[in-house]
Amino acid sequence: FVTGVMVADYLRTGVGTNPLTFAEQYYLRSPKVAFGRWPPLFHVVQGVVYLLFGTSKLTALALIALISALLMGAVFRRANRDYGVHVAIIAVSLVGGSFIVRWHSRIVMSDLLAALFCSLAVLALADYLQTRKPTQLAQVGLWTVLGLLLSIRTRFLVDPVVAGEAA
């Protein structure tokens with residue numbers, strides 16, 4: 001949360017200054033800043049959202065709710081396309097009702113956004129393996145890179161994407 005607030009403050013008041021100096025000064029006031037300890041994408045997303053909608057716990061939880069909704073939307077869209085609306089509803093219920101998704105929907109962390117991007121990477125890979133269209137392969141790369149910019153743990157989620165492409 002604090003790192004996202006720092007990014008919002010930088011975007012609001014520090015653009016044009018040295019970002020490392022800004023972060024060092026910010027760290028002196030708020031030592032819970034973790035920028036650089038984790039890949040940066042989630043903090044940047046948080047910062048932009050806080051800049052647009054204000055810095056509050058409600059805004060942070062609304063961001064997580066939006067990410068959850070996007071993940072459920074991706075699950076529904078694919079299941080509906082491939083198996084129909086009834087299976088899509090069951091799939092969304094299973095994924096959205098799972099302990100891990102419910103748990104991560106209550107905390108402000110990058111895991112749900114990483115899950116979204118990794119899911120999109122796997123779905124794009126499945127499409128590529130069926131169609132062999134280069135645009136699908138480009139989507140695999142995009143979603144994989146975005147996933148890697150969220151969490152070091154994401155590497156273990158995207159390894160199957162790379163292994164699937166090598167096969």
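**Group meeting talk: a walk through an all-helix model**

Let's start with one helix, α8, which covers residues 134-148. At 1.5 Å a residue, its 15 residues should span 21 Å, and the end C-alpha atoms are indeed 21 Å apart, so the two values agree. Please keep in mind that this is a predicted model.

Which residues of α8 are buried? They are Gln136, Val140, Thr144, Leu146 and Gly147. These residues cover an arc of only 165° around the axis, so they sit on the same side of α8. Turned away from that buried side is a face that carries the exposed residues Pro134 and Thr135.

Now let's step back to the whole chain. It has 9 helices and 0 strands, so if you read from the N terminus on, you meet α-α-α-α-α-α-α-α-α. Of the 167 residues, 37% are buried. The chain exposes about 10000 Å², and carbon and sulfur atoms supply 69% of that. Among contacts with a separation of 6 or more, 63% are between residues 24 or more positions apart.

Next, the inside. In soluble globular proteins, nonpolar side chains tend to be buried together. Here, the largest nonpolar core has 18 residues. Which of them have the most contacts inside it? Those are Phe42, Ile67, Leu112, Leu113, Leu116, Phe117 and Leu150. The elements giving two or more residues to this core are α3 (41-53), α4 (57-83) and α7.

Phe42 is a nice one to click on. Not counting residues up to four places away in sequence, Phe42 touches Leu63, Ile64, Ile67, Val108, Met109, Ser110, Leu113, Leu149 and Leu150. There is also a second, separate core of 11 residues, which includes Val5, Phe22, Ala23 and Tyr26.

One name on the Phe42 list deserves its own stop: Val108. Val108 lies in the loop between α6 and α7 (111-131). Is Val108 buried, exposed or partly exposed? With a relative accessibility of 26%, Val108 counts as partly exposed. Setting aside neighbours within four places in sequence, Val108 is in contact with Phe42, Gln46, Tyr50, Ala60, Leu61 and Ile64. Take Gln46 from that list: Val108 and Gln46 are 62 residues apart in sequence, yet their C-alpha atoms are 9.5 Å apart in space.

On to the aromatic rings. A pair of aromatic rings is described by the distance of the centres and the angle of the planes. How many aromatic pairs does the model have? The count comes to 3. One of them is Tyr10 with Phe22, an edge-to-face pair at 5.2 Å centre to centre, with 70° between the planes. This pair links distant parts of the chain, with Tyr10 in helix α1 (residues 2-14) and Phe22 in helix α2 (residues 19-29), 12 residues apart. Tyr10, at 18% relative accessibility, counts as buried. Phe22 is buried as well, with a relative accessible area of 17%; you have already met Phe22 in the second core.

Compare that with Phe99 and Trp103. Their ring centres are 6.2 Å apart and their planes meet at 20°, so this pair is stacked. Phe99 and Trp103 are 4 residues apart in helix α6 (residues 99-104), which separates them by about one helical turn. An α-helix has 3.6 residues a turn, so residues three or four places apart point the same way. Phe99 counts as exposed because its relative accessibility is 59%, whereas Trp103, at 42%, counts as partly exposed.

Before I finish, two polar residues. Ser68 lies in helix α4 and counts as buried, at 10% relative accessibility. Beyond residues up to four places away in sequence, Ser68 touches Ser105 and Leu112, and Leu112 is one of the best-connected residues in the largest core.

The other is Asp127, in helix α7. Asp127 is buried, with a relative accessible area of 12%. What is Asp127 in contact with, leaving aside its neighbours within four places in sequence? The partners are Arg78, Arg81, Arg132 and Gln136. And Gln136 brings us back to where we began, as one of the buried residues of α8. Thanks, everyone!

How values were computed
Residues are numbered from 1 along each chain as its sequence is written. This is a predicted model: local features need pLDDT of at least 70, side-chain atom pairs count only at pLDDT 80 or more; totals for chains, interfaces and linings use all residues. Side-chain values use heavy atoms; hydrogens and water are left out. Rings of Phe, Tyr and Trp (its six-membered ring) pair if their centres lie within 6.5 Å; planes under 30 degrees apart count as stacked, over 60 as edge-to-face and the rest as tilted. Buried means under 20% relative accessible area, exposed over 50%, partly exposed in between (1.4 Å probe, protein chains only). Contact means heavy atoms within 4.5 Å. A nonpolar core is a set of buried Ala, Val, Leu, Ile, Met, Phe, Trp, Tyr and Cys residues joined through side-chain atoms within 4.5 Å. The expected span of a helix is 1.5 Å times one less than its number of residues. The arc is that of the directions from the helix axis to the C-beta atoms. Accessible areas come from the Shrake-Rupley method with a 1.4 Å probe; for residues, only the protein chains shown count as cover.
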